[in-house]
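Let's take a walk through this one together. Have the viewer open and follow along.

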Amino acid sequence: MDVALINPFIDATLHVLKTMGTTDAKPGKPYLKKDQQAKGDVSAVIGLTGESNGTISISFPEQSIVAVVSRMFGEPISNLNGDVTDAVGEIANMISGQARQKLEVMGRILHGSIPSVIVGKNHQIRHITTYPVIAVPFETENGGFTIEICIEE
Amino acid sequence: MDMGMTVLVVDDFATMRRIIKGVLKDLGFKNVIEAENGKVALSELKKEEIGLVIADWNMPEMTGIDLLKALRSDDRFKELPFIMVTAEGQKANVIEAVKAGVTNYIVKPFTPDTLKQKLEAIFG
């Protein structure tokens, strides 16, 4: 996969969390993910279509997403409830939109599906293509989270 | 701005409805109602007088752009202020919305100030 496609998703993730969740996140080193095991307790997956097909996902451990959503809503959220899972879908939706806007500037037009959200310990994320999956870990003051990007050449 | 007008917030994500509703309440709007897609929004529009629609683009059942087109083809809603608040910021989307008669366009994520500025641009 063209590594130039990764940066728009990293930038979009940082921008969305900063703007909607007033959360500063720090990206770690991208790596090739070889299994389907989700890195968190709640994940959102979005299908990409257009010039290429693909999927992107974002996966949060409970501790970090509860902190992000508490800031988004301006009130404390104590656990991984329906409000939080809904918010994960919308966060993924905004990251997808922001990244696709940046990709358009690079000449790549992609469309995004409505997000699917998966909740539970040890769930799996299935990307729709057999192309390599690039994972990018992020750290926040309340824990980490991971995005995954899989786009056909 | 008439803070007594009813504002209809249309988004399939409860999170975004909650955030927009919170911003509107902070700005002083007293009557804010919600719908989870364009179809439900149309039904709300038939029930009561709405002064402003704030709608997402991508929604199941009926999208925001289809809602906008339906409203602009109805004489009663031709001039109804309609703000699209969406993650879709690609040029083709913005052009389609403008052609369909959108009043203003906000790309998510957005700050409360952005929504406030768009409202002031519409209502003064």
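We'll start with confidence, then look at a pair of helices, and finish where the two chains meet.

First, keep in mind that this is a predicted model. For chain A the pLDDT averages 93, and 99% of its residues score at least 70. If you go element by element in chain A, the low point is strand β2 (residues 31-33), with a mean of 94. The high point in chain A is strand β1 (residues 26-27), at 98.

Now find α2(A) and α3(A). Their axes come within 10 Å and cross at roughly 85°. An angle from 65 to 115 degrees counts as roughly perpendicular, so that is how α2(A) sits relative to α3(A). Which residues make the contact? On the α2(A) side, look for A:I65, A:V66, A:V69 and A:M72. Across from them, α3(A) puts in A:D83, A:V84, A:A87 and A:V88. Sort that contact by class and you get seven nonpolar residues, one charged and no polar.

Next, swing the view round to chain B. Here 20 residues of chain A are in contact with 16 residues of chain B. On the chain A side, the elements giving two or more residues are α1 (6-21), α2 (62-73) and α3 (82-105). Which of them gives the largest share? That's α3(A), with twelve residues. So much for location; what about the mix of classes? The side of chain A that touches chain B has eight nonpolar, seven polar and five charged residues.

One thing to take away: α2 and α3 of chain A turn up in both places, packing against each other and giving residues to the side that touches chain B.

Definitions and conventions
Residues are numbered from 1 along each chain as its sequence is written. Chains are lettered from A and ligands numbered from 1 in the order in which they are written. This is a predicted model: local features need pLDDT of at least 70, side-chain atom pairs count only at pLDDT 80 or more; totals for chains, interfaces and linings use all residues. Two residues are in contact if their C-beta atoms, placed from the backbone, lie within 7 Å. Helices (H or I, at least four residues) and strands (E, at least two) are DSSP runs, numbered from the N terminus. Ala, Val, Leu, Ile, Met, Phe, Trp, Tyr, Cys and Pro count as nonpolar, Asp, Glu, Lys and Arg as charged, and the others, Gly among them, as polar. Axes are lines fitted to C-alpha atoms, for helices over the stretch in contact, and angles run from 0 to 180 degrees between N-to-C directions. Angles under 35 degrees count as roughly parallel, over 145 as roughly antiparallel, 65 to 115 as roughly perpendicular and the rest as oblique. pLDDT is the predictor's confidence in each residue, from 0 to 100.
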